[in-house]
Amino acid sequence: MEQPLEIVILGGGTAGWMAAAGLVSLLPPSRCRIRLVESDEIGVVGVGEATLPHIKNFNDSIGVDEAEMMRATNATFKLGIDFVDWGFKGSRYIHPFGVYGSAQSGLGFHQQWLRSTAAGRTWDLEEFSFACMAARANRFDFPATGKPTINSTYSYAYHFDASLYAKHLRRLSEPRGVVRTEGKVRDVEQDPETADIRALVMESGERIAGHFFIDCSGFRSLLLAGKLGAQWEDWSQWLPCDRALPVPTERCGDLTPYTRVAAMQAGWRWRIPLQHRTGNGYVFSSQFIDEDKAREELLQSLDEPTLAEPRLLKFQTGRRVKSWQRNCVALGLSSGFLEPLESTSIYLIQIAIMHLLPLLPGKRHDPRLADEFNLRMDLEYERIRDFLILHYHLNGRDDSELWRYCREMEVPESLERKMRLFRHSGIVQQYKDGLFTPPSWLAVYLGQGLVPEHYNPLVDAMPAERLLAELDELHADIRDRVDEMPKHGSLVARYASAETASEQLLHEAEMRL
Ligand SMILES: Cc1cc2nc3c(=O)[nH]c(=O)nc-3n(C[C@H](O)[C@H](O)[C@H](O)COP(=O)(O)OP(=O)(O)OC[C@H]3O[C@@H](n4cnc5c(N)ncnc54)[C@H](O)[C@@H]3O)c2cc1C
């Protein structure tokens, strides 16, 4: 029988532990042996709190219990992102995790809505999104399953403490067979002929050999960039933000089931509600504002008292041209970075693991597998990149240099084409693979002021009175069903309270004494 593949993961941040948990849970035990190396002294990036609905599939597939995970990470639910001041100062829209209209409306619902506004109705498209309306009302419940109804038209994600999520995955992975080594990597050994990585050499002198290496060492990218010299593709001409100042504040008021991202003078600010605190931060461009000014602007804009000083993180937007080279693949920050505006980093880790699983090689490097992986990841990265650029480019703000620059900059042809099509006839380009489906594009197009010149004449097939009557009914149905939902804060407290969990742990510990 063939010996199992020895896989070595360097890094124990979100990327490292997601990879370890994914591989150990989804591959047959005879297929591989997994070791993970991490350094407590170096630590993890430790920010990253907002996720996308896909993470639920990942957790379900590897057997993570939802309520347990939420208690362990101080998590809350997320129905979308509230964009404040993006199209112009004073504007606001939600990018929801769900469709517009009823489950039966199909993708053309916005065409019906456009027709209704042409007929004089003044309602917002958002009023036809169940997820948006629930978010605005600070309400949350699980989507209905079974027969399609209006309250089955959305999905949800989490706000959580990503460092605690990594720890939670570690608790799950070690009993399943992942072997963890704590310590710093001092050197990396390569095969002198093929340049394949052969082993990590620890400061302790220990040598950790493997057939396949997963680089999750964060921005350092110790293996892929550091050792194999992977090239970097810089995207900062379109996404010029290169600094972040995260700062936690006290939890106050209602627990909102959405992330808020507000445009600022030289970037944007996030607000993410967790059970025990609120995460905030300013992502900005050092070309347009200096650090002291950014810190001042951030502190002035916070809703709640701070719990720590803001700390500066530097980054560049872009990605490794090939995130799999030789016998090494990079995941997470070591493969690229796209700012957290649409909470895409953890998704990119997850999708990379899912692409990697069927492509995992044998003991010899096979370039065909690497090429296929790199092609799939190109698509993921580029589609997210275009979607992020759209948020910056579609703006009517005239209050600062950054916004003027982004409005006037030339955008990638792939994005220009999508915008032209929507402006002309309200058609949202669809693609089979990659993140962000038409409702997401629609939210940003309309939310930031790109309105189609015409609605599609196909919707004229229905008499106007009937269309308006149906929309009236749907509008009322959404409002009534949302009113029946529990408040988000009370559902979180009932379902996954971290406080109850720690009280229980304390109680159990006392009982053992
Ligand atoms: C400001 C900001 C906000 C973010 N917000 C979000 C968000 O809301 N949602 C989202 O999805 N993502 C977000 N992200 C991204 C998210 O934080 C990261 O994608 C995620 O944490 C993955 O990090 P990582 O595991 O790749 O790297 P890291 O967390 O940096 O982990 C690197 C690991 O490598 C180890 N290591 C490095 N060098 C060595 C060595 N020599 N020897 C041994 N071990 C070593 C370290 O000890 C550590 O364990 C955000 C990122 C930033 C910068």
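Modeller: Let me start with a term: a crossing is left-handed if the near helix is turned anticlockwise from the far one by less than a right angle. This is a predicted model, and the crossing of α2 and α8 is left-handed in that sense.

Biologist: Thanks! What makes α2 oblique to α8?

Modeller: Helix α2, residues 54-61, packs against α8 at an angle of about 45 degrees, with the axes 10 Å apart. Angles under 35 degrees count as roughly parallel and 65 to 115 as roughly perpendicular. The α2 and α8 pair fits neither range, so α2 is oblique to α8.

Biologist: Now the ligand. Why is the pairing of a ligand oxygen with Gly12 called a polar contact?

Modeller: The cut-off is 3.5 Å between N or O atoms. An oxygen atom of the ligand lies 2.8 Å from a polar backbone atom of Gly12, so the pair qualifies. Backbone atoms of Val47, at 2.7 Å, and Ala15, at 3.0 Å, also pair with ligand oxygen, and these distances meet the cut-off too.

Biologist: How do you know how much of the ligand the protein buries?

Modeller: Taken alone, the ligand exposes 1,000 Å², and the protein buries 97% of that.

Biologist: Which elements give two or more residues to the shell around the ligand?

Modeller: Those are α1 (14-26) and α8 (345-359). Helix α8 gives the most, with 3 residues.

Biologist: And what classes of residue make up the shell?

Modeller: There are 18 nonpolar, 13 polar and 4 charged residues. Of the 35 residues around the ligand, those that come nearest include Gly12, Val47 and Ile346. Gly counts as polar, while Val and Ile count as nonpolar.

Definitions and conventions. Residues are numbered from 1 along each chain as its sequence is written. This is a predicted model: local features need pLDDT of at least 70, side-chain atom pairs count only at pLDDT 80 or more; totals for chains, interfaces and linings use all residues. Side-chain values use heavy atoms; hydrogens and water are left out. A residue is near a molecule or strand if one of its heavy atoms lies within 4 Å of it. A polar contact is a pair of N or O atoms within 3.5 Å; within protein, one must be able to donate a hydrogen and the other to accept it, and residues adjacent in sequence count only if both atoms are side-chain atoms. Accessible areas come from the Shrake-Rupley method with a 1.4 Å probe; for residues, only the protein chains shown count as cover. Helices (H or I, at least four residues) and strands (E, at least two) are DSSP runs, numbered from the N terminus. Axes are lines fitted to C-alpha atoms, for helices over the stretch in contact, and angles run from 0 to 180 degrees between N-to-C directions. Angles under 35 degrees count as roughly parallel, over 145 as roughly antiparallel, 65 to 115 as roughly perpendicular and the rest as oblique.
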